[in-house]
Amino acid sequence: MSDFLKNILGSKGETESGGSSDQGTSDLPTQPNSSPVNSDSNPNSSNNPTRFNVGLVNSIGLQREHNEDALFAMTTYLISNNSSLPFGLYIIADGMGGHLHGEKASEVAIHAMAFGVLTKLLPAIQDLSGEIPSDTFQDIMKEGVQAAHQAIIEQAPGAGSTLTGILLLRDQMTIAHIGDSRAYAIDTQGNVNLLTTDHSLVKRLEELGQITSDEAAIHPQRNVLYRALGQAEMVDADLISAPVPNSGYLVLCSDGLWGVVPDDEMANIISSANSPQEASQTLLEAANSAGGPDNISVIIIEKSS
Amino acid sequence: MKPVMNTKQSNNSEDISLQKGTRLSDRYLIQKTISTSSRSTVYQARDLLFPNVVKLVAVKEMVNPAPDSVDRETKVKDFERQVNLLATLSHPSIPRIFDYFTQGRHSYLVLEYVQGETLETILSNSPGFLPTEQVIQWTIGLCEVLQYLHSHQPEPVIFRDLNPSNIILDQHNNLMLVDFGIAITFQDMEDGSLSGTQGYSPPEQYQGEVSTQVDIYSLGATMHHLLSGQDPRLEPQYSFAERPIRQINPDISPDIEAIIATAVQYQASDRYQSADEMKSALLEMIGRSDSRQLSPQFDAVIPIPDNTIQPLWTFTCADEIRGSASCDRGIVYIGSYDNHLYALNIESGKMHWKYQTEGGIVSRPAILNDSVFIGSEDNRLHVISRRSGSLLWTYYTKGPVRSSPFAAHGHIFLGSDDWAIHAINISGGRGIWQIETSSEVRSTPFVAQDAVYAGNESGEFYCLDFRGGIKWRYKTKRAITSSPTIAENLVLFCSLDSHLYALDAKSGYLVWRFKMDRGSISSPCVADGLIFTGSIDGNIYCINLNTAKEVWRFQTEHQITGSPIILADRLYCGSVDGNLYCLDHQTGQLRWKFKTNNPITATPAAQDDMIFIGSTDNQFYALPADASG
């Protein structure tokens with residue numbers, strides 16, 4: 001059982017786990033167009049087979065010396081009660097702490113969370129008789145965040161990281177979020193809906209009416225987070241469960257993307273691209289042409305049925 | 001010449017904490033780790049310089065993250081300067097500093113060891129609110145030590161991280177500020193982590209503006225936490241004004257609330273300008289009340305007179321009303337334990353007809369076209385003409401019917417104490433299928449597009465398709481008597497095992513569950529992204545549909561065994577305490593309550609700005625929905 005997970009998570013460069021690669025997407029073995037997950041093959045599947053197509057990019061950007069972003073993306077299906085359900089787990093982490101600690105923090109956080117979540121869901125992945133796990137999705141994600149927090153404290157003390165993760169099961173998503181990486185939902189018309197709240201000081205000041213959103217964008221403390229992994233005694237992640245629309249996109253990205261590419265440009269690029277992978281590449285180019293001041297990461301999940 | 005540290009050195013850049021039994025600086029024997037944070041680790045150690053006694057000390061270890069030696073050199077010097085400053089402090093609430101030294105990338109501070117519990121621990125161990133007088137006395141003591149620090153020469157010392165986990169009540173009942181060295185840490189990282197603790201830190205602290213006002217804010221935040229039980233780290237920042245303490249802890253006087261509010265003002269200039277000023281305000285307030293009585297009489301809540309709500313009409317049955325009513329086209333239909341189903345005019349309460357079954361009716365009628373469907377404890381589903389009240393046909397099950405019928409797609413779906421879920425074709429007047437479950441089905445089935453959902457008395461929850469096939473099942477630990485509902489792809493239901501469950505409606509995966517204090521036989525209802533339900537613990541709960549977090553709860557005086565309903569922006573729910581409550585659904589504030597003479601176990605019904613509720617006092621009441629107190 002644990003071999004299965006070790007093969008996925010054990011060392012760097014494994015299936016769709018974004019490590020600290022310095023250049024674009026060349027290290028990542030993703031070929032999402034050739035392996036969409038669907039339940040067509042199962043005769044007992046429901047009427048509308050749902051598919052997840054995934055594209056991702058993880059880049060150091062143009063100005064940084066280290067890549068402190070880390071990604072995890074896994075798309076498969078769970079078998080339960082004679083039906084197969086498209087399942088995905090997608091996580092993004094943006095480390096902070098300078099001097100290699102940020103890089104380590106995001107890396108250990110991603111692996112701890114992915115491992116924690118998958119271990120709980122493993123019976124449903126491996127066991128064809130379909131044992132439903134007794135923990136709730138929200139609890140599983142919450143414990144994953146806790147594990148990530150603990151991992152940073154033990155292995156990269158003094159460093160911190162953001163963490164935003166989505167657990168997708170056909171048309172239900174559960175998001176765990178802490179920090180200022182973001183999750184968006186984009187519908188087929190190109191409307192952008194921000195699903196998470198930035199845990200940044202400037203966001204809070206904006207909510208209180210102390211500054212405007214334009215002021216927030218250039219505020220000298222716009223990087224200051226009041227909630228992040230590894231930083232305080234307790235970690236308190238936001239947890240949201242909501243239905244996923246039938247078609248559209250979910251986007252996970254670090255502030256290296258949303259901080260330099262406006263939402264509508266992002267939506268435009270995504271909906272006009274031929275595939276999520278092409279969209280991620282175009283987004284990277286857009287971020288770089290805006291200067292590429294930070295590490296740039298994005299995971300795009302296209303849901304179609 | 002500093003002795004070599006006798007611990008395992010790791011070769012990589014990670015730092016391992018000191019092991020028990022390590023001798024630090026050849027003098028301090030590490031006994032155990034007291035606490036770890038991202039910035040430092042604190043150990044309990046024994047000072048071996050005094051071999052004949054056990055002298056305990058606290059050793060705080062900090063890592064200097066600066067990589068190159070020039071930067072580190074600067075930081076070490078800065079650290080030592082601050083230590084020197086602290087070494088000159090002498091106050092009963094401040095642990096003394098005995099020693100400091102730096103070894104490689106670690107710097108150590110050796111402090112007086114304080115034995116006792118932190119205020120955070122005391123608060124979490126306390127079943128109810130902490131005694132107000134005690135918290136005030138503590139606050140006065142903290143003002144005194146802050147005043148001492150802030151007026152220190154040659155420069156004021158600002159604590160910067162005041163919060164309940166940094167204050168220990170020692171074995172002499174004296175307050176001690178511990179983790180004092182927050183003032184002594186290496187400079188925080190450039191990319192924006194913080195000094196201070198989120199929730200207790202004022203806004204200007206993030207900008208690096210540290211003044212004595214920072215400590216005043218933190219003291220106010222600490223006081224708020226201790227008196228309200230609400231941890232500011234879990235609430236939106238700077239939201240103290242939105243959570244006035246008297247709304248949470250009724251024992252707090254307006255004076256105390258005002259003092260806390262001043263201390264946590266957003267602008268530093270609006271707070272108390274000194275700890276002394278705050279202390280004077282506290283002392284004056286104590287002096288004002290009679291002989292140490294610091295909290296006023298419980299007069300915060302203006303009692304709402306019960307008799308201002310007048311029913312529009314009432315109808316008397318021969319026995320209890322335990323079920324709920326249904327309204328349709330000007331008529332309200334209600335069943336009673338006196339075996340009858342009544343059809344009453346909504347406006348006047350005049351009886352149009354009554355229909356007699358052979359068993360008690362405890363469920364809710366369903367109305368479709370010209371038929372009224374009702375189950376009875378006589379084992380039957382009765383189908384009655386809406387107009388005349390005469391029987392059209394019956395359907396027999398093998399046990400009393402306590403579940404309410406649900407009409408959908410030309411069928412009636414019904415549970416029965418015969419353990420089955422029945423599907424009955426309406427036009428044909430006959431059963432299509434029945435699914436045997438493991439126990440009585442009292443929950444009303446809920447039908448969504450292509451599935452039927454119901455729970456049973458042994459805690460099993462079923463999702464069936466229209467052909468009677470089982471799509472999935474979920475087992476809880478105790479009975480599911482209440483009826484499910486569906487919102488945003490989740491099927492929601494309560495169980496006697498104290499949980500409200502949210503399962504993915506298609507697959508049956510458990511997305512989240514919410515724990516109440518006791519079991520529930522209420523059916524949840526949903527409005528505006530909020531879920532409302534009641535529990536045997538007497539509370540009406542409001543839970544956010546997406547985050548599964550409690551938004552509010554309202555305590556009644558006895559169990560809630562019926563279910564709430566929502567009309568416009570109000571929630572209506574009856575309680576075994578005999579009252580029908582009307583609450584604002586967003587905030588849970590009481591608008592009015594109406595007292596009946598006996599427990600209410602039914603769920604209210606609403607139509608056209610009227611609320612209908614039956615009670616076990618045999619009366620059926622029609623109340624105005626808009627009544628105000």
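Which residue takes a positive phi in the hairpin of β35(B) and β36(B)? In this predicted model, the residue is Ala568(B), whose phi is near 55° in a hairpin that has 2 residues between the strands. The legends below begin with the sheet to which this hairpin belongs and then turn to other parts of the model.

**View 1. The open sheet β35-β36-β37-β38 of chain B, built from 4 strands with antiparallel pairing.** The edge strands are β35 and β38 (590-595) of chain B, each of which pairs on one side only. From one strand to the next, the twist of this sheet averages 20°. Within the sheet, strand β36 (residues 570-574) of chain B has 4 of its 5 residues buried, so this strand is largely enclosed by the rest of the structure.

**View 2. The hairpin of β35(B) and β36(B), with 2 residues between the strands.** Strand β35 (residues 565-567) of chain B runs antiparallel to β36(B), and 3 bridges join the two. One of the bridge pairs can be picked out by its residues, since Ile566(B) has Leu571(B) of β36(B) as its bridge partner. Ala568(B) is the residue of this hairpin to look for when following the backbone, as its phi is positive and near 55°. A positive value stands out because most residues other than glycine have a negative phi.

**View 3. The hairpin of β36(B) and β37(B), with 4 residues between the strands.** Here β36(B) pairs with strand β37 (residues 579-584) of chain B in the antiparallel sense, over 5 bridges. Among the bridge pairs are Tyr572(B) with Cys582(B) in β37(B), and Gly574(B) with Leu580(B) in the β37(B) strand. In this hairpin a positive phi, near 95°, is taken by Gly578(B).

**View 4. The open sheet β31-β32-β33-β34 of chain B, again with 4 strands and antiparallel pairing.** Its edge strands are β31 (525-527) and β34 (550-555) of chain B, each pairing on one side only. When direction is ignored, neighbouring strands of this sheet are turned by 20° against each other on average. At one edge, β31(B) and strand β32 (residues 530-534) of chain B run antiparallel and are joined by 3 bridges. The bridge partner of Ala527(B) in this pairing is Leu530(B), which belongs to β32(B).

**View 5. Helices α3 and α5 of chain B, whose axes come within 11 Å of each other.** Helix α3 (residues 132-150) of chain B and helix α5 (residues 212-228) of chain B cross at roughly 165°, and the two are therefore roughly antiparallel to each other. In passing α5(B), α3(B) makes a right-handed crossing. The α3(B) side of the contact consists of Thr132(B), Val135(B), Thr139(B), Leu142(B), Leu146(B) and His150(B), which meet Thr212(B), Asp215(B), Leu219(B), Met223(B), Leu226(B) and Leu227(B) in α5(B). The residues of this contact divide into 7 nonpolar, 4 polar and 1 charged.

**View 6. Asn173(B) and Asn339(B), an exposed residue and a buried residue in loops of chain B.** Asn173(B) is found in the loop between β8 (167-170) and β9 (175-177) of chain B, and its phi is positive, near 65°, in a residue other than glycine. With 7 C-beta neighbours inside 10 Å, Asn173(B) counts as exposed. Asn339(B) lies in the loop between β12 (331-335) and β13 (340-345) of chain B, and it too is a residue other than glycine with a positive phi, in this case near 80°. Asn339(B), however, is buried, with 20 other C-beta atoms within 10 Å.

**View 7. Chains A and B, described by their helices and strands.** Chain A holds 8 helices and 12 strands, while chain B holds 8 helices and 41 strands. Of the 305 residues in chain A, 55% are buried, and of the 629 residues in chain B, 46% are buried. Among the contacts in chain A with a separation of 6 or more, 71% are accounted for by residues 24 or more positions apart. In chain B, 47% of the contacts between residues at least 6 apart in sequence join residues at least 24 apart.

Definitions and conventions. Residues numbered from 1 in each chain as written. Chains lettered and ligands numbered in written order. Predicted model: local features only at pLDDT ≥ 70, side-chain atom pairs only at ≥ 80, totals over all residues. Axes fitted to C-alpha atoms, helices over the stretch in contact; angles between N-to-C directions. Parallel < 35°, antiparallel > 145°, perpendicular 65-115°, else oblique. Left-handed = near helix turned anticlockwise from the far one by under 90°. Contact = placed C-beta atoms within 7 Å. Nonpolar A, V, L, I, M, F, W, Y, C, P; charged D, E, K, R; others polar. Pairing = 2+ DSSP bridges. Buried ≥ 20, exposed ≤ 12 C-beta atoms within 10 Å, placed from the backbone.
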